[in-house]
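Colleague: I am new to this structure and should be grateful for a close look at one part of it. Please begin with a single residue and then place it within the chain as a whole.

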Amino acid sequence: MRIQYSSSMNNAEIRKYYLFQALHSAEFFGPVIAVFWMSHGLSMTQIMLLQSSYAIATVFLELPTGAFADRFGKKISLSIGLLSAALGMFFYGMSGQYWQFLLSEIVIAFGYSFISGADSAFIHEILKQQGREQEFSKVEGRARSLGYFTRAVCYLFSGLIATFSLSLTLIATGVSNLLSFFVTLTFAKHVETEPRHENTNYLQIIKDGVSLTLRTPEVLMLTVFFACFNSIVHINMWFSQPYMQFIGIPVIYFGFVASGFNVLNVVASSVIDKIEAFAKSRIFALLVAASVVSLFLLTTVPSMAMLPLFGVLISTLTISQVTVTRRVLGLIPSERAATVISFQNLIRRFTYALIGPLFGLAADQLGIIWALRINMLALIAFFGLFLLFKSRSIRTAIASQEVA
């Protein structure tokens, strides 16, 4: 049996989903987190180890939590994830030692893994129930846009909160996650549209999700693009603060600049459906081109005037995530949606954990400008290989059809 959503109920769920994303995205610690760590005596090596620990934890947790969402429901998964994230933030804010920070990172990774994939799959299923599946990019884009707008506003207050207490920025973020948790409790309970045997277990769900990705060429190519493109571009977000120091911007203004990045992302996120309609099959080439041009200008003319280009880079990450997710969800059964999306996020985080330290080493040895240049070259090389892989896959598929 499944719940049939009325039109009014469907719209109410969408509004609640927007509120969930806004509160879940409210973050106060971003612009000052490095200062928080260093105030407790952490070295850059220890800071990077914390990030590696978070990435490794999510790699191990991503698929089991995605399978949990597919087995027990996205609503339950989102609620568990937000409550765990809130507790992790509270503990982080009250901590002062490295092992406590490490434990907090793992608890937060546990929580966010329950949210990853389940959120997009949840809203996609609601739209699918009403025959509005084609609106996914528009609805998800608006939700992400609202989330980034919330974050941009929060960043404006980060510096002010930090003047009272750096720890308070983490605790305030925990409060936002807790409020988002209460919103998920109001979501309609959701039963999957496809029948499922009660003896279905996690390992079988994970196996089926991975198998589905590997045996569906288009899903596999989308997974490869998402993992590599988002990993390479996301690394530049860690370079934005050293870049601002390089061009002489005082740290006190970092929060305002970070807020500006998110405002640009808000604009891009709100028109994802229009960007997709304009670019069509060339959407991924457009995203790569925008990223490469941004990195080229940032490294060729380093100045305050180039700072908005970091906002462009963030926007390409959001657009690629929504676009890839929409296409994947249109190719797979809904009862495997969270698992497949979680598998994609697992590959992305594994790729990020693998290449991140290499770019960090480049920044330490060659400086921030050359690190950005190397990132640009890596992006060009990846997309060239991706196009080659895609072309060969298409030729193989055509040859198989001709033989058949």
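Modeller: Let us take Thr184, which has a relative accessible area of 0%; because buried means under 20%, this residue counts as buried. The model is a predicted one. Thr184 belongs to helix H8, which covers residues 166–184. Setting aside neighbours within four places in sequence, the contacts of Thr184 are Phe20, Lys75, Leu78, Ser79 and Leu82.

The surroundings of this residue can now be set against the whole chain. The chain contains 16 helices and 0 strands. Of its 404 residues, 53% are buried. Where contacts link residues at least 6 apart in sequence, 85% of them join residues at least 24 apart.

The nonpolar interior deserves its own description. The largest nonpolar core has 78 residues, and within it Phe225 and Tyr243 touch the most other members. Helix H10, residues 217–246, contributes the most to this core, with 13 residues. A second core, separate from that one, comprises 15 residues, among them Trp37, Tyr54, Ala57 and Ile108.

Tyr243 merits a further word. Not counting residues up to four places away in sequence, Tyr243 touches Leu298, Val301, Pro302, Ser303, Met306, Leu307 and Phe310, and also Ile368, Ile369 and Leu372.

Finally, there is the outside of the chain. Its accessible surface comes to about 17900 Å², and carbon and sulfur atoms account for 69% of that area.

How values were computed:
Residues numbered from 1 in each chain as written. Predicted model: local features only at pLDDT ≥ 70, side-chain atom pairs only at ≥ 80, totals over all residues. Heavy atoms only, no water. Helix = DSSP H or I, 4+ residues; strand = E, 2+ residues; numbered from the N terminus. Buried < 20%, exposed > 50% of the residue type's maximum accessible area, 1.4 Å probe, protein only. Contact = heavy atoms within 4.5 Å. Core = buried A, V, L, I, M, F, W, Y, C linked by side-chain atoms within 4.5 Å. Areas by Shrake-Rupley, 256 points an atom, 1.4 Å probe, with all protein chains shown as cover.
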